[in-house]
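Biologist: I am new to this structure and would like a close look at a single part of it, taken slowly. Could you start from one place where two elements meet and then lead me outward from there?

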Amino acid sequence: MGPLSARLLMQRGRPKSDRLGKIRSLDLSGLKLLSEHLDPKLLSRLTQLQELDLSNNQLETLPANLGLPHLRILRCANNQLGDVTALCQFPQLEELSLEGNPFLTVSDNLKVSFLLPKLRKVNGKDASSTSSQVENLNRELTSRVTAHWEKFMATRSPEEEAEKAQADFVKSAVRNVRYGPESLSEFTQWRVQMISEALVASGGTQVRETGIPERPSKATAAQEPRARPMALKRSGDVSLSLSPSKRGCPSPPAHVEGSPMGSDGSQPALDLEPLHFLQCHSKNNSPRDLETQLWACAFEPAWEEGQAGATSQTVATCGGEAVCVIDCQTGIVLHKYKAPGEEFFSVAWTALTVVTQAGHKKRWSVLAAAGLRGLVRLLHVRAGFCCGVIRAHKKAIATLCFSPTHETHLFTASYDKRIILWDVGVPNHDYEFQASQLLTLDAASIPLRLCPVASCPEAYLLAGCEGGCCCWDVRLDQPQKRRVCEVEFVFSEGSEAPGRRVDGLAFVNEDVVASKGNSLGTICLWSWSQTWVGRGKRSTLAVVVLARLQWSPTKLAYFSLSTCPDEGIVLCGDEEGNVWVYDVRHILTQQPPLPAAPQAPTQILKWPQPWALGQMVTKTMVNTVVANPTFTYLTALTDSNIVAIWKRP
């Protein structure tokens, strides 16, 4: 499509007219328009235009001077927009559609709400709750910038040049003033700069909510009951205000069992405080739903350059028909994806580099979710839509994980007793995936946990199965595309015969594996390298046990364990609603022989029961517990539809 013409506008405009100034509705969708095709001189002649459809084109930006003063409805769905600030030229806008723009984030949604004070609907949904969130953020940011101004100016000498001091203040505020979840940092820094510049322009006298566009009083009144102010976590607090989109109980004090380092070498208790107890997977958002089973969670890694191994404070949880993405600091549910008729069992993150039609490279965070129906859904989290479905298995998928070395390689493990390695590929210009199958691994029993070997993830894959712990060769330079288990590991020392279920499996560091299920009441730490070196041609290997950790004596199964390799932490829930925390750094560095008796946990996190959630929860089990790599946040999932979040100060 070339540049627009007046003739084309009159052909596609309504009502039909030979004068551009009389057109009120214009449909320019599906014309493969680029940003440079939108000629401001031509479009500014549409002086009475109220509705404009630019959807299904290839727009990356909107020109800043289109001159459409009466525009009320704008549709820009399915483009490649990466910025929304140009929308401020349409102050009368009431309805806006931005769906299918994969490079827009939740921060852009907040910018839209801030820039367009009359906006009623975004993507067909009521915009008032977002407006309330923006107003709350503005109040807090204005207060913090004002406090920063007073502190900053108090350190300046009277002789210092005022203009330079003011410029330094704006830079300092943008650098130091922080509030809200990390996923909103782009929006908050944008607003901090605007507030700081307005404060400087007023000479420091403007302390109200700087720069907030006034909204119609009726809309404001309607918003009052819809949201509560977000609260900061202050010293001594044990609860936070919750957003109205989820249900939660007040965060009670966590009872912590653990003692300081003593003469027996026990580890000091870790300082963890409860932040949130959420019900975000409830059927019909009902606070009475205490039955939806929650199965898995995973923290989104930090994909920015120079932050390898870091993590955000964003966690994905799955259970029932929903996948939720939660900001751990505030407890806000940033995104919620539902698939009616599905029950999600597992989630996993990756990041993909996508090239736009204009040749620009963009980094996508993609969340894979799978469960009962044997389908893998690839979710573009920040844009809020499903951009691909893989029909992976005919039976339910128990778990999945991405390769740590190939961002597009995904392992899926199913109740059909097969593990399949997929290459999900990179989405095309229509944001569609074309997945291909690379390997099929046959198991003798149902695989429950997947774990690429930390020291050689491209070569071997471990799996905890109903019948034990197995290993497969997954090197792609080998000719066979369908393979059987290479080795079965035997936990014979101090336990029962081989073949016992292994329902917990994770690497503690490059060599040490933590596994659970092969013997009651313990978690086993064993060496991959010392075990593997004795393999030879054997198909069964006894693991070289380094230590055992004391755990619950329950006979119940499927309590998943996890680790924080950088921190030397092992975590596991139990049938009583407890979280067992082990700091195993002293074990990893201790010279043999190690103590024969199981090592006690560093601490056990508990909270009072029953929980106050509108009805009594007399008993709950923690199925899954995961922490981010820096062990800043810890998330636990229960069988009574509760997501519990702790923070280490």
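Modeller: A good place to begin is a contact between two helices, in which Ser107, Asp108, Leu110, Lys111, Phe114 and Leu115 of α3 meet Ser185, Glu186, Phe187, Trp190, Arg191 and Met194 of α6. Sorted by character, the residues of this contact divide into six nonpolar, two polar and four charged. The two helices, α3 and α6, pack at an angle of about 40 degrees, and their axes lie 7 Å apart. Please keep in mind throughout that this is a predicted model.

Helix α3 itself spans residues 106-115, and nine of its 10 residues are buried, so the helix is largely enclosed by the rest of the structure. Those buried residues are Val106, Ser107, Asp108, Leu110, Lys111, Val112, Ser113, Phe114 and Leu115, a list that includes the charged residues Asp108 and Lys111. As for what surrounds them, the buried residues of α3 pack against β5 (95-97), α4 (128-154), α6 (185-201) and β14 (333-338). It helps here to recall that an α-helix has 3.6 residues a turn, so residues three or four places apart point the same way.

To place this helix in its setting, the protein chain has nine helices and 41 strands. Of its 649 residues, 53% are buried, and the accessible surface comes to about 28400 Å², with 50% of that surface belonging to carbon and sulfur atoms. Among the contacts in the chain with a separation of 6 or more, 55% are made by residues 24 or more positions apart.

From the helix we can turn to a sheet. Four strands form an open sheet in the order β15-β16-β17-β18, and their pairing is antiparallel. At the edges stand β15 (344-355) and β18 (385-391), each of which has a single partner strand, so one side of each is left without a neighbour in the sheet. On average, and with direction ignored, neighbouring strands of this sheet are turned by 25 degrees against each other. In general, strands of a sheet pair through backbone hydrogen bonds, either parallel or antiparallel.

Within this sheet, strand β17 (residues 375-380) runs antiparallel to β18 and is joined to it by six bridges. Two of the pairings can be followed residue by residue, since Arg377 stands opposite Val389 in β18, while Leu378 has Gly388 in β18 as its bridge partner. The two strands β17 and β18 form a hairpin with four residues between them, and in that turn Gly384 has a positive phi of about 80 degrees.

Strand β16 (residues 361-371) holds Leu367, which is buried, with a relative accessible area of 0%. The C-alpha atoms of Leu367 and Leu378 are 5.8 Å apart in space, although the two residues are 11 residues apart in sequence. With neighbours within four places in sequence left aside, Leu367 is in contact with Ala316, Val323, Val325, Val347, Ala348, Trp349, Arg377, Leu378, Leu379 and Val381. Val347, Ala348 and Trp349 in this list fall within the residue range of β15, and Arg377, Leu378 and Leu379 fall within that of β17.

The UniProt record, an unreviewed entry, annotates residues 390-424 as "repeat: WD". In the model, this stretch is 0% helix and 57% strand, and its end C-alpha atoms are 8 Å apart.

Finally, a few backbone details in the loops deserve a look. Most residues other than glycine have a negative phi, and most peptide bonds are trans. The peptide bond from Arg14 to Pro15, however, is cis, with omega near -5 degrees, and Pro15 is found in the loop between β1 (13-14) and β2 (25-27). Asn56, in the loop between β3 (51-53) and β4 (73-75), has a positive phi near 60 degrees, and at 42% relative accessibility Asn56 counts as partly exposed. Asn641 also has a positive phi, near 65 degrees, and lies in the loop between β40 (633-638) and β41 (643-647), but at 1% relative accessibility Asn641 counts as buried.

Notes: Residues numbered from 1 in each chain as written. Predicted model: local features only at pLDDT ≥ 70, side-chain atom pairs only at ≥ 80, totals over all residues. Heavy atoms only, no water. Pairing = 2+ DSSP bridges. Axes fitted to C-alpha atoms, helices over the stretch in contact; angles between N-to-C directions. Buried < 20%, exposed > 50% of the residue type's maximum accessible area, 1.4 Å probe, protein only. Contact = heavy atoms within 4.5 Å. Areas by Shrake-Rupley, 256 points an atom, 1.4 Å probe, with all protein chains shown as cover. UniProt positions renumbered as here; feature names shortened; annotations may be inferred.
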